[in-house]
Structures are given as C-alpha cells and as structure tokens.
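User: Could you take a close look at one loop for me, and then show how it fits in with its surroundings? I would like the cut-offs spelled out as you go.

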Amino acid sequence: MGKLETVPALSATDLLAAPVSAALHDPDILVAPIDPTLADTAEFCAAYDVGLEQSANCVVVAGKREGELRYAACVILATTRADVNGVVRKRLDVRKLSFAPMDDAVSLTGMEYGGITPIGLPAGWPVLIDSRVVDVPQVIIGSGLRRSKIVLPGAALARLASAEVIPDLAR
C-alpha cells in the first residue's frame, strides 16, 4: 500500500503500543514503521502515497451525564469529520460532548497522541465506526504509537468487542 513497508503486526510488536499489542490476535493484520514527524494524516498520506480515502482517524470524545464522565472512540475516514454534536452526542446520551483533552486521552488509553487507535482501548468504551470505514478493503489506522501505522481490512474493525458500525457517523 503506497510506499509503506508492512510486516505482520504479531511479529513486530515493538511497533505497537502495549495495549494494542495485548489486544491484537489476528495474524493477517500488518504494521509499517513510519517517520513519527509524518504521523499526522495529511502529511502521512502525502509522504507515503496513501489516499485519504484509505486512511482512518480515531478520535476520543468525552461527555458528562449526571456527573458520570463518558468516553468513546470514533473511527472515521480522513475524508470526513465525525458528527460529534449530533450522532455521537445522542449515542452517548450526554448534553455536551467534546474531544477529550490530550492528557486524558493519552493517560487513559496508554497510547501516544496522534497514534490512538480503536484496538486496545479501555474496556467499556464504545468504538463508534462510520460505515464507510468498514467498506474499505485495506484501511490504515494508528498503532498507538506515532512511529507506525496498522493496515487491516476495514471490516476487521467491526469485529472489535465494543464496536458499533453507524451509518452517517461522519459527514
């Protein structure tokens, strides 16, 4: 895929954040080392000849309801934006929803900011996946680290324990 040099992720766990490595069991999932200064989506896609429509982003959101802080992850294609204040807010049943503060997202996930992935997130967090991501034959997501990316079938994300595929999660 593009200029990425992939290897089976299970044989290169040093390229995965610890929670990702612990949660990953599929021998067909690949990982590729990248320049960490190019981890942000636009720069990554340009440098490695990967289309934005093949790259997915995972964003962590947080909201409160009756004093309870609720977190979720949203997985969307890089060509779209999550409907945080509509679809996601309603799904989490909170009045106000925002992107989780960077320090919280990093400490709660055990992953690096800019590399957070839906694989290996804390138990109980909903992983809301836009249906367009599932349709991509090979999608690129973070590895939990800024220095690598995971390549897998989009449909594999729908099999995550707390995954919910949602039509029109993104616009």
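The request and the answer below concern the loop that holds D83.

User: Which residues does D83 contact, leaving aside its neighbours within four places in sequence, and what else can you tell me about this loop and the salt bridges?

Analyst: Happy to. A word on the basis first: this is a predicted model, in which local features need pLDDT of at least 70 and side-chain atom pairs count only at pLDDT 80 or more, while totals for chains, interfaces and linings use all residues. Residues are numbered from 1 along each chain as its sequence is written, and side-chain values use heavy atoms, with hydrogens and water left out.

D83 sits in the loop between β4 (68–77) and α3 (84–92). Helices and strands here are DSSP runs, numbered from the N terminus: H or I of at least four residues for a helix, E of at least two for a strand. Leaving aside neighbours within four places in sequence, D83 is in contact with V88, L169, A170 and R171, where contact means heavy atoms within 4.5 Å. The side chain of D83 also reaches the backbone nitrogen of G86 at 3.0 Å. That is a polar contact, meaning a pair of N or O atoms within 3.5 Å; within protein, one must be able to donate a hydrogen and the other to accept it, and residues adjacent in sequence count only if both atoms are side-chain atoms.

T80 is found in that loop between β4 and α3 too. T80 is buried, at a relative accessible area of 13%; buried means under 20%, exposed over 50%, and partly exposed in between, with a 1.4 Å probe and protein chains only. A polar atom of the T80 side chain lies 2.9 Å from the backbone oxygen of L77. With neighbours within four places in sequence left aside, T80 is in contact with R132, A170 and R171.

R171 brings us to the charged pairs. Side chains of opposite charge can pair when their charged atoms come close. The rule used is a side-chain nitrogen of Lys or Arg within 4 Å of a carboxyl oxygen of Asp or Glu, and by it the count comes to 7 salt bridges. In one of them, the side chains of D83 and R171 meet at 4.0 Å, N to O. Because D83 lies in the loop between β4 and α3 and R171 in the segment after β9 (163–166), this pair ties together parts that are 88 residues apart in sequence. R171 is exposed, with a relative accessible area of 58%.

Another salt bridge joins E164 and R91, whose closest N and O atoms are 2.5 Å apart. E164 belongs to strand β9 and R91 to helix α3, so the pair links parts that are 73 residues apart in sequence. E164 counts as partly exposed at 27% relative accessibility, and R91 is partly exposed with a relative accessible area of 34%.

A further salt bridge is formed by R146 and D40, with 3.4 Å between the closest N and O atoms. R146 lies in the loop between β7 (139–142) and β8 (148–152), and D40 in the loop between β2 (30–33) and α2 (41–48), so here the parts tied together are 106 residues apart in sequence. D40 is partly exposed, with a relative accessible area of 40%.

Those strands lead on to a sheet. Here 4 strands form an open sheet in the order β1-β2-β8-β7, with antiparallel pairing; two strands pair if DSSP finds at least two bridges between them. Since β1 (7–8) and β7 stand at the edges with a single partner strand each, one side of each is left without a neighbour in the sheet. β2 and β8 pair over 4 bridges in the antiparallel sense: A32 stands opposite K149 in β8, and the bridge partner of P33 in β8 is S148. β1 and β2 pair, again in the antiparallel sense, over 2 bridges, and V7 stands opposite V31 in β2.

To close the tour, A23 is found in helix α1 (residues 18–23) and is partly exposed, with a relative accessible area of 35%. A23 and I119 are 96 residues apart in sequence and 6.5 Å apart in space, C-alpha to C-alpha. Not counting residues up to four places away in sequence, A23 touches I119 and G120.
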